[in-house]
Each structure stands twice: as structure tokens, then as C-alpha cells.
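Subject: Structure handover

Hello,

Here is the structure I said I would pass on. Please keep it open while you go through the notes under it.

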Amino acid sequence: MSTIDRPMPPLNADERTTLASWLDFHRATLAMKCEGLDDAQAATAAVPPSGFTLTGLVQHMAEVERNWFRRVFAGEQVPPIHDPGAAPDGPDGGFDVAEGATLSGALATWQAEIARARELCAERALTDTGRFMEQDVNLRWIYVHMIEEYARHNGHADLVRERIDGATGV
């Protein structure tokens, strides 16, 4: 049984609550996929030759949270987390797991980025904009994109977790 709280998004709520709830649902799903794994298991590649791991996925999602909420929406000039030499406007990285990296460290960094994203969005309207590819992008679009990003990667996480220890579902 999971110790992670993952409430069902409300079935009849306003748009903002619906979007934020679905994003939080998918965030919790990723955390559940990692629950109970040790560092070696979480760093196990999905299927060779792919180097895709759950630790790498969590690191990637920390980069994605940072990029969309901090850089794009809030306009913060923050460097990449897992590849400090990479260009801040380059593709979201994080998939490569450095020697000595731990699942708990990756989860803590990811949770910190989620907390910052929530702070940045708390008092903002869905129509408020940031800048992406020299165009305005509103918070509504960012929420939908993030839900899509998590949903896609949670499917990957499901397959990796099943390969590691046979756990399925959630």
C-alpha cells in the first residue's frame, strides 16, 4: 500500500482547480512509481540499449518543472539543475544519472521545484503569460502541457517499474 497521497481530481470544479488537481495527480503518480525502490533499482535502465531510468526521469521532471514555471512563466534566469553547463534555453535534460546520484536526492530536488512552481502560480490567473519561443504563452497552456508531459512519462515509468520488480498499476 502506498504512503503517497494521490487524491482523485474533483469531477465538477472550476477550470483552475481542475488543471492544478490533474497536474498534482500526475506528480503523485510519478512519486508512487518510485516508492519503495533503492538507488540501484531506480538507476536500472529500462531495456538496453536505452539508458532510461526512474532516477533519470525524476531528474528530468525537475528540469521540466524548472523550465516551464520558473524560466518560461516567471522569467527567472536559473541554470539547469543536472547539467549546469547546458544552455538554459536548451532542451530539458536530466535523464543522465551522474555517479553518486540517489533517488532520494532526485526526489528532493524535484519536490523543491514543484513547491517553487506552486508559489509562482498561486496568485496568477490562467491568462497570465510568460515567454516561450519569442511568443506569449499563458498559464493555462503551461498547465495542459505539464499534464501531458507527466501523463506520457508516467506511462514510461509504469513500464520501467514493472521491469524492475513486477509492480504494475497506480
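The notes below cover helix packing, salt bridges and two single residues. Please bear in mind throughout that this is a predicted model.

Helix packing

Two packed helices are described by the angle between their axes and the distance between the axes. Two pairs are described here in those terms.

The first pair is α1, which covers residues 15-34, and α5, which covers residues 139-165. Their axes come within 9 Å and cross at roughly 25°. Angles under 35 degrees count as roughly parallel, and therefore α1 is roughly parallel to α5. The crossing of α1 past α5 is left-handed. Sorted by class, the residues where α1 contacts α5 come to 15 nonpolar, three polar and seven charged.

The second pair is α3 (residues 54-73) with α4 (residues 103-121). Here the axes come within 9 Å and the crossing angle is roughly 20°, so α3 is roughly parallel to α4. This crossing of α3 and α4 is left-handed. On the α3 side the contact is made by T55, V58, Q59, M61, A62, E65, R66, F69, R70 and F73. On the α4 side the residues are L103, A106, L107, T109, W110, E113, I114, R116, A117, L120 and C121. The contact of α3 with α4 has 13 nonpolar residues, three polar ones and five charged ones.

Salt bridges

Side chains of opposite charge can pair when their charged atoms come close. How many salt bridges does a search of the whole structure find? The count is 15. Three of them are set out below.

- R27 with E65: the side chains form a salt bridge, at 2.9 Å from N to O. The two residues come from distant parts of the chain, with R27 in helix α1, E65 in helix α3 and their positions 38 residues apart. R27 has a relative accessible area of 6% and is buried. E65 is buried too, at 0%.
- R66 with E113: the closest N and O atoms of this salt bridge are 2.9 Å apart. This pair also joins distant parts of the chain, as R66 lies in helix α3 and E113 in helix α4, 47 residues apart. Both R66 and E113 are buried.
- R70 with E76: in this salt bridge the closest N and O atoms are 2.7 Å apart. R70 is buried, and E76 is as well.

Which residues are linked in a network of salt bridges? They are R66, R70, E76, E113, R116 and E119. Among them, R66, R70, E113 and R116 also appear in the contact of α3 with α4.

Two single residues

Y143 sits in helix α5. Is Y143 buried or exposed? With a relative accessible area of 6%, Y143 is buried. Leaving aside residues up to four places away in sequence, Y143 touches R16, L19, A20, L23, C121 and L126. If you want a distance to check in your viewer, Y143 and D96 are 26 Å apart from C-alpha to C-alpha, with a separation of 47 residues in sequence.

S21 belongs to helix α1. With residues up to four places away in sequence again not counted, S21 touches P9 and P10. The C-alpha atoms of S21 and A117 are separated by 14 Å, and the two residues are 96 apart along the chain.

Regards

Conventions: Residues are numbered from 1 along each chain as its sequence is written. This is a predicted model: local features need pLDDT of at least 70, side-chain atom pairs count only at pLDDT 80 or more; totals for chains, interfaces and linings use all residues. Side-chain values use heavy atoms; hydrogens and water are left out. Axes are lines fitted to C-alpha atoms, for helices over the stretch in contact, and angles run from 0 to 180 degrees between N-to-C directions. Helices (H or I, at least four residues) and strands (E, at least two) are DSSP runs, numbered from the N terminus. Angles under 35 degrees count as roughly parallel, over 145 as roughly antiparallel, 65 to 115 as roughly perpendicular and the rest as oblique. A crossing is left-handed if the near helix is turned anticlockwise from the far one by less than a right angle, and right-handed if clockwise. Ala, Val, Leu, Ile, Met, Phe, Trp, Tyr, Cys and Pro count as nonpolar, Asp, Glu, Lys and Arg as charged, and the others, Gly among them, as polar. Contact means heavy atoms within 4.5 Å. A salt bridge is a side-chain nitrogen of Lys or Arg within 4 Å of a carboxyl oxygen of Asp or Glu. Buried means under 20% relative accessible area, exposed over 50%, partly exposed in between (1.4 Å probe, protein chains only).
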